[in-house]
Amino acid sequence: QVVGYTTTDGIYIDEYLVEKGDNTGPYSAGVILKDPTVEVAILESARGGILRSGLAFDSCDIGVVLNVAADHLGISDIDTIEQMAQVKGVVAETVKAEGYAVLNADDPLVAAMAQKVKCKVAYFSMNPDNPIIIDHIRRNGLAAVYENGYLSILEGQWTLRIEKAVNIPVTMGGMAPFMIANALAGCLAAFAQGVDIELIRRGIRTFKPSADQTPGRMNLFNLGDYHVLIDYAHNPHGYQAVGGFVRNWEGERIGVVGGPGDRRDEDLLLLGQISAQTFDRIIIK
């Protein structure tokens, strides 16, 4: 099938880059949805676009919400993380009745979105003992969890192991927990849409984070005596996620850090605190 997708680095139709840039708003989604060759649309829907112009679609088959973090607060009249959750919750609320909202059971604000949806719900979690997951499975629900080193799909009494985290390149050898969570969400969304489990396995085994594939997202370069990691983390939640990986790294850790210019002072101060807990030496750019 021909896949059209929008991301923070461009609009793509299959492997063809239609337009380069941060294309996660309704205009970019419209480019994909109006193209007659596209059979599957995968659309990253950013907070800013939703607030300015809403979504580019009335309904979708799968809606994925990864997390709600204290980012972009104090902008466009969104001042609290609870208000931000209402904005992001729109993605889950537009899913058709027969579709699935894929929600993070480890994030209370995301898990609570299940109360407002009219569709089925599938949860993912880094903790197989998460009470939400246990209750959901007891009701024959669909979920994905990280258990015994594996990414697994749970459906009722069935456990379907997909792959060990260490064999999934995007998890950085299993050392980046937030990437394991992202992979769980991706696998669950595909499975809920009816994608064959072998295709899902092949996908996560072969998708490699790199400057070509995922520019600015966990790009790790081996320069012999040392490694360089480049990541677009620009809020406290992102800093903590990358820090979780960096702290697993042996040897001296030097951070070159910065923050966006439109953030509140308290947000930038928090970036400094997290950096101090993560790195041995810090260069602020």
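**Note on the predicted model: sheets, a helix pair and enclosed spaces**

1. In the predicted model, I153 stands opposite L160 in β10, where strands, like helices, are runs assigned by DSSP and numbered from the N terminus (H or I over at least four residues for a helix, E over at least two for a strand). The same I153 is also the bridge partner, in β9, of A144. Residues are numbered from 1 along each chain as its sequence is written, and side-chain values rest on heavy atoms, with hydrogens and water left out. Because the model is predicted, local features need pLDDT of at least 70 and side-chain atom pairs count only at pLDDT 80 or more, whereas totals for chains, interfaces and linings use all residues.

2. The strands just named belong to an open sheet of 6 strands with mixed pairing, in the order β5-β6-β7-β8-β9-β10, and two strands are taken to pair if DSSP finds at least two bridges between them. At the edges stand β5 (60-65) and β10, each with a single partner strand, so one side of each has no neighbour in the sheet. From one strand to the next the twist averages 15°, an angle taken, like the others here, between N-to-C directions on a scale from 0 to 180 degrees, with axes fitted to C-alpha atoms and, for helices, over the stretch in contact.

3. Within this sheet, strand β8 (residues 142-147) is joined to strand β9 (residues 150-155) by 6 bridges, and the two run antiparallel; A143 stands opposite L154 in β9. The hairpin of β8 and β9 has 2 residues between the strands, and N148 there takes a positive phi near 50°. On to strand β10 (residues 158-164), β9 again makes 6 bridges in an antiparallel arrangement, with Y150 opposite K164 in β10. The hairpin of β9 and β10 likewise has 2 residues between the strands, and here G156 takes a positive phi near 60°.

4. Helix α6 (residues 177-192) lies across β5, β6 (95-104), β7 (120-125), β8, β9 and β10, and runs at about 150° to β8. Contact, here and below, means heavy atoms within 4.5 Å.

5. A further open sheet has 4 strands in the order β3-β2-β1-β4, again with mixed pairing. Its edge strands are β3 (16-20) and β4 (40-43), each of which pairs on one side only, and the twist averages 15° from one strand to the next. Strand β1 (residues 3-7) runs parallel to β4 and is joined to β4 by 4 bridges, while T6 stands opposite L43 in β4.

6. Two packed helices are described by the angle between their axes and the distance between the axes. Helix α8 (residues 236-246) and helix α9 (residues 265-278) pack at an angle of about 5°, with their axes 9 Å apart. These two helices are therefore roughly parallel to each other, given that angles under 35 degrees count as roughly parallel, over 145 as roughly antiparallel, 65 to 115 as roughly perpendicular and the rest as oblique. From α8, P236, Y239, Q240, G243 and V246 meet D267, L270, L271, I274, S275 and T278 in α9. By class, this contact has 6 nonpolar, 4 polar and 1 charged residues, where Ala, Val, Leu, Ile, Met, Phe, Trp, Tyr, Cys and Pro count as nonpolar, Asp, Glu, Lys and Arg as charged, and the others, Gly among them, as polar.

7. The second largest pocket has a volume of about 170 Å³, and its lining residues include Y239, L271 and S275, together with V257, G258 and G259. Both α9 and β14 (281-284) supply at least two residues of this lining, and the largest share, 4 residues, comes from α9. The lining divides into 6 nonpolar, 4 polar and 1 charged residues. On a 1 Å grid over the protein atoms alone, a pocket is an open set of points with protein on both sides within 12 Å along at least five of seven lines, a cavity is a set where a 1.4 Å probe fits but cannot get out, and lining residues have an atom within 4 Å of a point.

8. There are 2 cavities of 30 Å³ or more, with grid points joined across faces, edges and corners and each volume being the space filled by probe spheres set on the points. The largest cavity has a volume of about 70 Å³, and of the 14 residues that line it, T24, G25, P26, S45 and L55 are the closest to its centre. Helices α1 (26-33) and α2 (47-53) each supply at least two residues of that lining, which divides into 8 nonpolar, 5 polar and 1 charged.
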